[in-house]
Amino acid sequence: MADKVFTSHLTQEIMRSYKPRFQGSVKKEANLRSWTLIIFQEATQKQICGYYDVAKYLNISSKKELFSYTVPKRNWEEALEVDLDFTLVSILSVQEKMQVVTFYFWLLVSWKNDFISWDPLDFCNITRITLPVKLFWTPDIYIDERADEDKFTLSPMAFVTSDGYIHMLQTYRLTSSCGLDVHAFPFDKQKCNLTMTTICSDKEILLKSSKSSMKANQDSHKSFLSSGEWKFEELRIIEHTWGYEISNFSIVTYEVSMKRQSILYVLVLILPTFTLFLLDMAISYAFACPGEKIAFKVTLILQVSLLSLILNDMLPSVSDNPPVIAMFFTGIFVFMVFGILENAFILYLKQKKSESPPFMRNKFMNIILRKKKKQSEKPVADLGDGLPKGSQQAGRSSLSEKCREEESLVFLKHINAELQQIRKHLSLEECQDDSESVVWDNMILLVEKGLYFTRLIFSLIFLTFVAVQWTY
């Protein structure tokens, strides 16, 4: 349709230009009409074109050095603008110990070659052609944060448009260094930069982003593969110039913000550790022997130690700010150790009470018992001396039965009086022992509860502090 319109305009111009010369001659006017008709018919025929015609017209192979070795601009005083189109596809891995992150992204590089252009109307409206990249000059783009050798796939072909723009696609699998702050692990957010620059100064090459931060965010979220530990949140583009001693260089920085998916760490590390701590507190308040409590608490501490070893393999060994989860594990471990010391102290107090009863520690009572023992044994030893002289001569003359009964009765009354006095002293000492035992038990119970509630209060304060630190 465009060709017909163009041919119609061409015919009208020919008739308008040459008609005054042929006025007055009918034959000449007829010949002009016939000639115009022939031109119109030839022009209206469908034109057949190919990409080969465009490549032949550009004659790139004969100008290889011009196109591939030098910056393609006519005026050397003007800087060549190179447009970067960045799209983040995936966050492959994050190694906290090594402080490196592996990204996968697409980078479309575009620039204008002043020596390559054609008129689409001359080639059947062909506006784009695909040619090998090696035929053209390409900008050398470096990423400052790369921590490993460049692993990128360069497309062997480039798109060339009729206005001279060349578009080259690169796919990167880049391992870059990143300052990871694991203070809030596993609820942390990280920001990593990808800084792109060239070896040419800003007077030769000027790097620019072809998209705004909002557009780059939208495209990255559409293309991002979200199945992984890290969730992509935001992409920010910063264009600036960095000055060195030699010259200034154009820089485009892509700031990638990401957030860790923390549900797995909560279920595997935090929740089991907190459950073991609650079990430790419950055992401390249970009615059981302190020795049994200590044995069970040691088992709980071993389990917490195993979880801390798993955590140690994840976190970096050096950090300016200690991770909150490390403080959480350390605090739980310390409080559980204090629980064992608490039960050991209570066990010591109970063993001390059972080893030496109070009435054995009463020296005054021991003296009284020894004195009464001697007094009770004296009448028995002096029984023969207490009898009258007539009874001593029992072999010579028999005594009356009545005197013997009276003397025996006096002796039994004396023993009974001594026994009643000993019984009275023992009853008083037993009451005193019972009262001292009750006081001792109450004191042990009071100490046990005081230590338990003190540890409970400090534990709640510590857990509140950890929760506040994690919310920042």
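Visitor: Are Phe-328 and Trp-470 buried or exposed?
Guide: Both Phe-328 and Trp-470 are buried, where buried means under 20% relative accessible area, exposed over 50% and partly exposed in between (1.4 Å probe, protein chains only). This is a predicted model, in which local features need pLDDT of at least 70 and side-chain atom pairs count only at pLDDT 80 or more, while totals for chains, interfaces and linings use all residues. Residues are numbered from 1 along each chain as its sequence is written, and side-chain values use heavy atoms, with hydrogens and water left out.

Visitor: How many aromatic pairs does the whole structure have?
Guide: The search finds 15 aromatic pairs. Rings of Phe, Tyr and Trp (its six-membered ring) pair if their centres lie within 6.5 Å; planes under 30 degrees apart count as stacked, over 60 as edge-to-face and the rest as tilted. Phe-328 and Phe-329 are one edge-to-face pair, 5.9 Å centre to centre with 85° between the planes.

Visitor: And why is the pair of Phe-328 and Trp-470 tilted?
Guide: The planes of Phe-328 and Trp-470 stand at 50°, with the ring centres 5.9 Å apart, so the pair is tilted. Phe-328 lies in helix H8 (residues 324-355) and Trp-470 in helix H11 (residues 401-471), so the pair ties together parts 142 residues apart in sequence. Helices (H or I, at least four residues) and strands (E, at least two) are DSSP runs, numbered from the N terminus.

Visitor: Changing topic, which residues does a disulfide join?
Guide: A disulfide, a pair of cysteine sulfur atoms within 2.5 Å, joins Cys-178 to Cys-192, S to S 2.0 Å. The link of Cys-178 and Cys-192 is left-handed, with -90° about the S-S bond.
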